[in-house]
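I opened this notebook to record what I looked up in one structure. The entries go from the whole chain to single residues.

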Amino acid sequence: MEQSLFEKYGGFATIHKVVEHFYDGVLDNDTLSPYFEDVDMSMLIDHQTRFFSSAMGGPASFDDGHLEKAHQGRGITEESWDAVVGVLLDTLNAFNVEEGDIQAIVGAVGSKKFLIVQQ
């Protein structure tokens, strides 16, 4: 049986560290940090750990409706989306995620873009 990316990269414990590192990068980004001024970061990091775990084939399940509702009205732009993807790429590279796996993760996240970016 083929190992999921979730298992390959150490499960919830490692993914939680990756997500924390990702949000350090997001909060250091002038384009992105204003989106998070009123956000409970601890809760968001736990939530995003489950999202990434799900996207990587782990046991967490994720509901598109919840994802859309969480981002609705936040005015998230293409520029902001691109900045988030940049921080994600930097983060995955910092954790030595293999290139093919990075593409798979970014692809899984990208498939949810239509729920997040405001047209």
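The entries below cover the fold, the largest pocket and two residues.

**Entry 1: the model.** I noted at the outset that this is a predicted model.

**Entry 2: the fold.** I looked up the secondary structure and found 7 helices and 0 strands in the chain. Along the sequence, I read the pattern as α-α-α-α-α-α-α. I then checked the radius of gyration, which is 14 Å; the globule rule gives 14 Å for 119 residues, so the chain is as compact as a globular protein of that length. For the outer dimensions, I recorded that the C-alpha atoms fill a box of roughly 40 × 30 × 25 Å along the principal axes.

**Entry 3: surface and contacts.** I looked up the accessible surface of the chain, which is about 6,900 Å², with 51% belonging to carbon and sulfur atoms. Of the 119 residues, 38% count as buried. I also asked how the contacts are spread along the sequence: among those with a separation of 6 or more, 74% join residues 24 or more positions apart.

**Entry 4: the largest pocket.** How much space lies in the largest pocket? I recorded about 720 Å³. The lining consists of 27 residues, and I noted Y23, F36, L44, Q48 and H71 as the closest to the centre of the pocket. I sorted the lining by class and obtained 19 nonpolar, 5 polar and 3 charged residues.

**Entry 5: helices of the lining.** I looked up which helices supply at least two residues each to the lining, and found α2 (11-27), α3 (41-55), α4 (64-71) and α5 (78-94). Which helix gives the most to this lining? I found that it is α3, with 7 residues.

**Entry 6: Q48.** I chose Q48 since it is one of the residues closest to the pocket centre. I located Q48 in helix α3. Is Q48 buried or exposed? Its relative accessibility is 12%, and the limit for a buried residue is under 20%, so I entered Q48 as buried. Leaving out residues up to four places away in sequence, I found that Q48 touches V19 and Y23. Y23 is also listed among the residues closest to the pocket centre.

**Entry 7: I15.** I located I15 in helix α2. I15 is buried, with a relative accessible area of 3%. Which residues does I15 touch, not counting residues up to four places away in sequence? I listed F6, T49, F52, S53 and M56. I also looked up I15 against L44: the two are 29 residues apart in sequence, and their C-alpha atoms are 14 Å apart in space.

Conventions:
Residues are numbered from 1 along each chain as its sequence is written. This is a predicted model: local features need pLDDT of at least 70, side-chain atom pairs count only at pLDDT 80 or more; totals for chains, interfaces and linings use all residues. Side-chain values use heavy atoms; hydrogens and water are left out. On a 1 Å grid over the protein atoms alone, a cavity is a set of points where a 1.4 Å probe fits but cannot get out, and a pocket is an open set with protein on both sides within 12 Å along at least five of seven lines; lining residues have an atom within 4 Å of a point. Grid points are joined across faces, edges and corners, and a volume is the space filled by probe spheres set on the points. Helices (H or I, at least four residues) and strands (E, at least two) are DSSP runs, numbered from the N terminus. Ala, Val, Leu, Ile, Met, Phe, Trp, Tyr, Cys and Pro count as nonpolar, Asp, Glu, Lys and Arg as charged, and the others, Gly among them, as polar. The radius of gyration is taken over C-alpha atoms; the globule rule is 2.2 Å times the number of residues to the power 0.38. Buried means under 20% relative accessible area, exposed over 50%, partly exposed in between (1.4 Å probe, protein chains only). Contact means heavy atoms within 4.5 Å. Accessible areas come from the Shrake-Rupley method with a 1.4 Å probe; for residues, only the protein chains shown count as cover.
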